[in-house]
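Me: I have just opened this entry and would like a friendly tour. Could we go through it step by step?

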Amino acid sequence: NQDLSLVKKVNEYEKEIDYDTSNKGNEWTDDELKVVLSFAPTKENCIKLAKAFKRGYGSIEQIYRWAVISDKDLKNSERKDDKFINQIKRVYKEMGWRA
């Protein structure tokens, strides 16, 4: 479909265009994570959220990945004690999401 192709091109362009990432590397609040996790993990939403929070696109994608990692896989990983991953998992569960 030509319309879908155009949307993909716009999304890729927006992903590559420079925007303010001045919050990159700063800690996330629970409320910010709740906002991110309230959106579907689409490319379009990742772009919008990255721009809104002045973060990198990849950091938004990573939040979605870490939110759904199983507790078993996390316990067996070298990052099991990572403060940020555990914060994401806690917020994700508080929101009532099921992986």
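Me: Happy to start with the surface: what share of the exposed area of the protein chain do carbon and sulfur atoms supply?
Reply: Keep in mind that this is a predicted model. The protein chain exposes about 6900 Å². Of that area, the share supplied by carbon and sulfur atoms is 51%.

Me: Thanks! And how many of the residues, as a percentage, count as buried?
Reply: A residue counts as buried when its relative accessible area is under 20%. The protein chain has 99 residues, and the part of them that counts as buried is 26%.

Me: Which secondary structure elements does the protein chain have, and in what order do they run?
Reply: The protein chain has zero strands and six helices. Read from the N terminus on, the order is therefore α-α-α-α-α-α.

Me: Among contacts between residues at least 6 apart in sequence, what percentage join residues at least 24 apart?
Reply: Here a contact means heavy atoms within 4.5 Å. Among the contacts in the protein chain between residues at least 6 apart, those joining residues at least 24 apart come to 61%.

Me: Let's look at a pair of helices. Are α4 and α6 roughly parallel or roughly perpendicular to each other?
Reply: Helix α4 covers residues 57–68 and helix α6 covers residues 83–94. Their axes come within 8 Å and cross at roughly 70°. Angles of 65 to 115 degrees count as roughly perpendicular. The two helices are therefore roughly perpendicular.

Me: How many charged residues does the contact of α4 with α6 have?
Reply: On the α4 side, the contact is made by Ile63, Trp66, Ala67 and Val68. On the α6 side, Phe84, Ile85, Ile88, Lys89 and Tyr92 take part. By class, this contact has eight nonpolar residues, no polar ones, and a charged count of one.

Me: Lys89 caught my eye. Is Lys89 buried or exposed?
Reply: Lys89 is found in helix α6. Its relative accessible area is 7%, and the cut-off for this class is under 20%. Lys89 is therefore buried.

Me: Which residue has its backbone oxygen 2.4 Å from a polar atom of the side chain of Lys89?
Reply: Leaving out residues up to four places away in sequence, Lys89 touches Trp66, Ala67, Val68, Ile69, Ser70, Asp71 and Leu74. The backbone oxygen at 2.4 Å from a polar atom of the Lys89 side chain belongs to Ile69.

Me: How far apart are the C-alpha atoms of Ser70 and Lys89?
Reply: Ser70 lies in the loop between α4 and α5 and is partly exposed, with a relative accessible area of 31%. Ser70 and Lys89 are 19 residues apart along the chain. Their C-alpha atoms are separated by 9.3 Å.

Me: Which residue follows α3 and has a positive phi?
Reply: Most residues other than glycine have a negative phi. In the loop between α3 and α4, one residue has a phi of about 55° although it is not a glycine. This residue is partly exposed, with a relative accessible area of 34%. The residue is Lys54.

Me: One last stop: which residue offers its backbone oxygen to the surroundings of the Ser59 side chain, at 2.6 Å from a polar atom?
Reply: Ser59 sits in helix α4 and counts as partly exposed, at 27% relative accessibility. The backbone oxygen that lies 2.6 Å from a polar atom of the Ser59 side chain is that of Gly56.

Conventions: Residues are numbered from 1 along each chain as its sequence is written. This is a predicted model: local features need pLDDT of at least 70, side-chain atom pairs count only at pLDDT 80 or more; totals for chains, interfaces and linings use all residues. Side-chain values use heavy atoms; hydrogens and water are left out. Axes are lines fitted to C-alpha atoms, for helices over the stretch in contact, and angles run from 0 to 180 degrees between N-to-C directions. Helices (H or I, at least four residues) and strands (E, at least two) are DSSP runs, numbered from the N terminus. Angles under 35 degrees count as roughly parallel, over 145 as roughly antiparallel, 65 to 115 as roughly perpendicular and the rest as oblique. Ala, Val, Leu, Ile, Met, Phe, Trp, Tyr, Cys and Pro count as nonpolar, Asp, Glu, Lys and Arg as charged, and the others, Gly among them, as polar. Buried means under 20% relative accessible area, exposed over 50%, partly exposed in between (1.4 Å probe, protein chains only). Accessible areas come from the Shrake-Rupley method with a 1.4 Å probe; for residues, only the protein chains shown count as cover. A polar contact is a pair of N or O atoms within 3.5 Å; within protein, one must be able to donate a hydrogen and the other to accept it, and residues adjacent in sequence count only if both atoms are side-chain atoms.
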